[in-house]
Amino acid sequence: MPTEIKMPALSPTMEEGTLAKWLVKEGDQVKSGDILAEIETDKATMEFETIDEGTVTQLLVAEGTDGVKVGSVILVLAGEGEDASAAATPKADATPAAKPAPTPKAEPEVASKEPAVGEKGYGASPADDPAPKQTQLPEQGGGAAAPASSGGRVKASPLARRLAEQQGVDLSGVTGTGPNGRIVKADLANAQPGQAKPAAAAPTPAPAAQPQPVAQAEAPRAAPTVAPAPEGVPVETVKLSNMRKTIARRLTESKQTVPHIYLTVDVNLDALLALRTQLNKGLESRGVKLSVNDMLVKAHAVALMEVPVCNVQYAGDQLHQFKRADISVAVSIPGGLITPVVTGADVKSLSAIATEIKDLATRARDGKLQPHEYSGGTASLSNMGMYGIKQFEAVINPPQAMILAIGAGEQRPYVVDGQLTVATIMSATGSFDHRAIDGADGAKFMAAFKRLVENPLGMLA
């Protein structure tokens, strides 16, 4: 039997992705380890390699297709000696000719209610196909039913449904080119706006109260709609990447659901800078150069172990208390932000941390990180000092319970041993999830971090 290659989950939070580019074509021979495609996940654009071998007989998803569900079949391989024509059935299911032609009058009614199924928030179930139509109709308030000859609802991706709703396109008249005849964004390019849309306004007789539930069901979809660009202003509209969509969703979730508390301390960097100079002289022969950020990651991890009540994660009616400090380090990459993790930073040497962060940051910018390298982490550190930012308050990266925001070190008046002098001062702000970490415990952590930076030999003991 031909082998079906399915859309992989390339990150722990991935529910769907964009098939950005095919790297094979029909008729190609592939073996285990060959790269099949580039897939844009919620984290990055990654290469997808096969563990199977055979001949590519069908590419079931068009290049550039958005919203491809994890687990859906995207490619078919025929093994040695297998009849490639045996794979024709899946292909036929995906062709427009195999899809029964629905009656335009009834199907738009289903389509107008259906987008709520695809409007999932972060962490929702990846399944988006509703129950069979017989059980679906009562839940939709007894609206116009699709005729039995239609074979079911119009199959379309959530993005295609939203665009059709905005453009006034009747999906029942659109030919789908996605898997199993599914309508995708590209299929709407030549659709006629407003065509047959009025048919949705003529459902079978129903109680007068029915339109209200429909409006209520669609209300959540209207919330993220933003105002159009001002007329007359030059503008370029750029499609959001999956990564940017995920950043927007997760940080909105964080600010809406996590009660943040912010605590700031000023830290004297002079002792740490002096130690860094000495250590770099000793490490020069090994090709290792410590940055201030490397040393701050170490101080962050050691402070978490000194104040373990801050090395936690809120989990509803439970609290996860971690026994090691894994620090997620924010790295800016084209199109977004990713947080590769330095595991066990509390017990690693400074040279090991420096080498690891350099490697992780380089591969992050090249899109070469593996999911386990940017997943997890018990706390995060974001350093914007290199941009001259004096102080800022970072948004907690859920499900973590804290993030440390590092500002620039700069010459400021500072009191040392009762005497006013000039020192290199850095402002550091901790953002804490107040559900898991009390203000006093957060203050203890910030005090421990300040002490370790100002007396850096303490974090090397």
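This is a short walk through the structure, one selection at a time.

Before you click, know that this is a predicted model, where local features need pLDDT of at least 70, side-chain atom pairs count only at pLDDT 80 or more, and totals for chains, interfaces and linings use all residues. Residues are numbered from 1 along each chain as its sequence is written, and side-chain values use heavy atoms, with hydrogens and water left out.

**Stop 1: the four-stranded sheet**

Select residues 35-40, which form strand 4, and add strand 5; the two run antiparallel and are joined by five bridges. Strands here are DSSP runs of E with at least two residues, helices are runs of H or I with at least four, and both are numbered from the N terminus. Two strands count as paired if DSSP finds at least two bridges between them. Look for Ile 39, which stands opposite Met 46 in strand 5.

Now widen the view: this is an open sheet of four strands in the order 5-4-2-7, with antiparallel pairing. Strand 5 (45-49) and strand 7 (65-69) are the edges; each has a single partner strand, so one side of each has no neighbour in the sheet.

**Stop 2: helix 9**

Next, select residues 292-306. This is helix 9, and its 15 residues should span 21 Å at 1.5 Å a residue (the expected span is 1.5 Å times one less than the number of residues). Its end C-alpha atoms are 21 Å apart, which agrees.

How many residues of helix 9 are buried? The count is 12 of 15, where buried means under 20% relative accessible area, exposed over 50%, and partly exposed in between, with a 1.4 Å probe and protein chains only.

Pick out His 300 in this helix. His 300 is buried, at a relative accessible area of 0%. Leaving aside neighbours within four places in sequence, its contacts (heavy atoms within 4.5 Å) include Ile 327, Leu 404, Phe 445 and Phe 449.

Add residues 350-365, helix 10: the axes of helix 9 and helix 10 come within 9 Å and cross at roughly 115 degrees. Those axes are lines fitted to C-alpha atoms, for helices over the stretch in contact, and angles run from 0 to 180 degrees between N-to-C directions. Where they meet, show Asp 294, Met 295, Val 297 and Lys 298 from helix 9, with Leu 350, Ile 353, Ala 354 and Ile 357 from helix 10.

**Stop 3: the core**

The largest nonpolar core has 78 residues, and those with the most contacts inside it include Ile 74, Leu 75 and Ile 327. Such a core is a set of buried Ala, Val, Leu, Ile, Met, Phe, Trp, Tyr and Cys residues joined through side-chain atoms within 4.5 Å. Helix 9 gives the most to this core, with eight residues.

**Stop 4: the six-stranded sheet**

Finally, find the open sheet with strand order 9-18-17-16-12-15 and mixed pairing. Strand 12 (residues 327-329) and strand 16 (residues 379-383) pair in the parallel sense over three bridges; Val 329 has Leu 381 as its bridge partner in strand 16. Strand 16 also runs parallel to strand 17, joined by four bridges, with Ile 403 in strand 17 as the partner of Ser 380.

Which sense do strand 17 and strand 18 pair in, parallel or antiparallel? They are antiparallel, over 13 bridges. In their hairpin, two residues lie between the strands, and Asp 417 takes a positive phi near 55 degrees. To finish, select helix 12 (residues 439-454), lying across strand 9, strand 17 (402-416) and strand 18 (419-433).
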